[in-house]
Structures are given as C-alpha cells and as structure tokens.
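Work through the exercises below with the sequence and the 3D structure in view. Try each task before reading its solution.

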Amino acid sequence: MNVLILAGGWDKHAPKAFAEWTRTTLEGEGAVIEIADRLDVLTDEHRMARTDLVVPLWSSMGSSHDPRLGNLTREQEEGLLAAVSAGTGLAGWHGHMGDAFRDRPTFKFLAGSQFVAHPPGWPDRPIPEEDFIDYRVEPHGDHEIVRGLEPFTVHSEQYYLHVDPAVEVLATTTFSGEHLSWIDGVVMPVTYVKRWGAGRVSYCSIGHDIAEFDIPEVATMIERGMRWAARR
C-alpha cells in the first residue's frame, strides 16, 4: 500500500507528531510511506495514480500565500478529487481534515463535513482549557471500523459539525445543553464513511492531541478507517 501523508498547516494541531504516528502505524503493516509538506504533490497525476491512500494532516485555518500553511489551489483540489474518484482512499481526523481548506466547498463535499464549533468554544477565538471536556462516544452497527467496540469517554474538543447527509455514520456523541441550551440532545456523528466515485473516505472527529490516540477505541477506529479507505 502506497500512502501519501500531507503534513503541514496550523502547527497547533501537531501535524508532524500525527504524521509520525501514522507512519509508524502503517509501516508496521507493510505500507510505503511518503510525507509531503507541500500541497503541489496533488497535481502530479502519475504520483497520485500510484497512491492508495491520502492522509491529510493539514488544518489550513483560512487561506495563506505560504504553500506550507495555506489553502488548496484549484489545481491541487482537482488533482485530489480526480485521484479519489479513480480509487485513491482519503482518511483523516479532527481539524486536520474536518477544518481544512474552508474556502474550498468541493473539498468539504469530498470530506463529508465541516467543523463549526466545539462548545463552549468557538473556532475563531483563542482556545481556553475549558473547551476540552469529557464526552461519551457511542459506536454503532457492525461495520468493520467499529465492530466490537464499546462506548467510551474522551477528554477533548467535542466537535459540532455540518455534515453531508450521504455519509454512513458509525459512531456518535450527544451534546448536552450545558453550554448552548438550544443544542441539548443533538446527536452528532463522530466517525463516518462515504464514497466518492471509485474512492472511499473515512473521517473521525477525535484527534486534537496525539495523546487521544492512547485510548484504544480511538486508535482502533483511526487505524481501521485508514485500512478501509485505502485502494483495494
């Protein structure tokens, strides 16, 4: 399996640490890993054609002219869309994928969701420690990504997402009304999968801090999601 990891963007999401975790995890399964710190790799048709899985670790947090921080160009977006449509998998987590490339709506269509808030915090203000809360995650069904997993608790940002209704939801969390009364009882996807042409897409909203992957259920969903999404 040939894996392309895109590691860059907002450093508060620790793309390098997550890239090394991904490398270690997938190399143990025999994958060939390439880590790119520039997005122009997506325009190389031959390279993308031999890529079985793209793991985007790139919280763009808006646009920038710096190619190591900024947004997708139209050509880069089209390269990624074409590759996934042809069978390359896409698997990511948290803001690395759920809050990447905000001004590229077709990328959000591909990814399946857009982060909008983590009550009590908001996306466009400094993140105080109280934005990290304990919340429960409930796996559902018998899909291979969540098969055999029991409900668990994670201490992190509880992501509120705008979600493509075409996704297949595999795990959810339920919001209380403690911080925002009008979302009391809202059930939100945490892990989901979807299709894009011949390609597969997997996403999990957990993963702000690398320590969250010490939770066995989290690491299992992420690892299985990458394997499921990769080109067959």
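E34 counts as partly exposed because its relative accessibility is 31%; the label covers values between buried (under 20% relative accessible area) and exposed (over 50%), computed with a 1.4 Å probe and protein chains only. The model is predicted, so local features need pLDDT of at least 70 and side-chain atom pairs count only at pLDDT 80 or more, while totals for chains, interfaces and linings use all residues. Residues are numbered from 1 along each chain as its sequence is written, and side-chain values use heavy atoms, with hydrogens and water left out.

**Exercise 1. A salt bridge across the chain**

Task: Find the residue with which E34 forms a salt bridge, and state where the two residues lie.

Solution.
Step 1. Apply the definition: a salt bridge is a side-chain nitrogen of Lys or Arg within 4 Å of a carboxyl oxygen of Asp or Glu.
Step 2. The partner of E34 is R47, and the closest N and O atoms are 3.0 Å apart.
Step 3. E34 lies in strand β2 (residues 32-36) and R47 in helix α2 (residues 45-49), so the pair, 13 residues apart, links distant parts of the chain. Helices (H or I, at least four residues) and strands (E, at least two) are DSSP runs, numbered from the N terminus.
Step 4. R47 is partly exposed because its relative accessibility is 25%.

**Exercise 2. Salt bridges and a network**

Task: Describe the salt bridge between E27 and R23, then the one between D142 and R147.

Solution.
Step 1. The side chains of E27 and R23 meet with an N to O distance of 3.9 Å.
Step 2. Both residues belong to helix α1 (residues 15-27), where they are 4 residues apart, about one turn of the helix.
Step 3. With 39% relative accessibility E27 is partly exposed, and R23 is partly exposed at 27%.
Step 4. In the salt bridge of D142 and R147 the N to O distance is 3.1 Å. D142 is exposed, as its relative accessible area is 54%, whereas R147, at 42%, is partly exposed.
Step 5. Shared partners also join E20, R23 and E27 into one network of salt bridges.
Step 6. For the whole structure, a search finds 11 salt bridges.

**Exercise 3. A charged residue without a salt bridge**

Task: Is E77 buried or exposed, and which side chain of opposite charge is nearest to E77?

Solution.
Step 1. Locate E77 in helix α3 (residues 74-85).
Step 2. E77 is buried and has no salt bridge.
Step 3. The nearest side chain of opposite charge is that of R104, 4.1 Å away. Lys and Arg count as positive and Asp and Glu as negative, with His and the chain ends not counted.
Step 4. List the contacts, meaning heavy atoms within 4.5 Å. Apart from neighbours within four places in sequence, E77 is in contact with L72, R104, T106 and F107.

**Exercise 4. Positive phi angles**

Task: Give phi for A14 and for F101, and say which loop holds each residue.

Solution.
Step 1. A14 is not a glycine, yet its phi is positive, about 50 degrees. The loop of A14 runs between β1 (2-9) and α1.
Step 2. F101, also a residue other than glycine, has a positive phi near 55 degrees. F101 sits in the loop between α4 (94-98) and α5 (105-111).
Step 3. A14 is partly exposed at 27% relative accessible area, whereas F101 is buried at 2% relative accessibility.

**Exercise 5. A proline in a strand**

Task: Where is P189 found, and which residues does P189 touch?

Solution.
Step 1. P189 is found in strand β10 (residues 187-196).
Step 2. With a relative accessible area of 12%, P189 is buried.
Step 3. Leaving out residues up to four places away in sequence, P189 touches L161, V163, V169, A171, T172 and S205.
Step 4. P189 and L170 are 19 residues apart in sequence, and their C-alpha atoms are 7.5 Å apart in space.

**Exercise 6. The chain as a whole**

Task: How many helices and strands does the chain have, and what share of its residues is buried?

Solution.
Step 1. The chain has 6 helices and 11 strands.
Step 2. Of its 232 residues, 55% are buried.
Step 3. Along the principal axes, the C-alpha trace spans about 50 × 40 × 30 Å.
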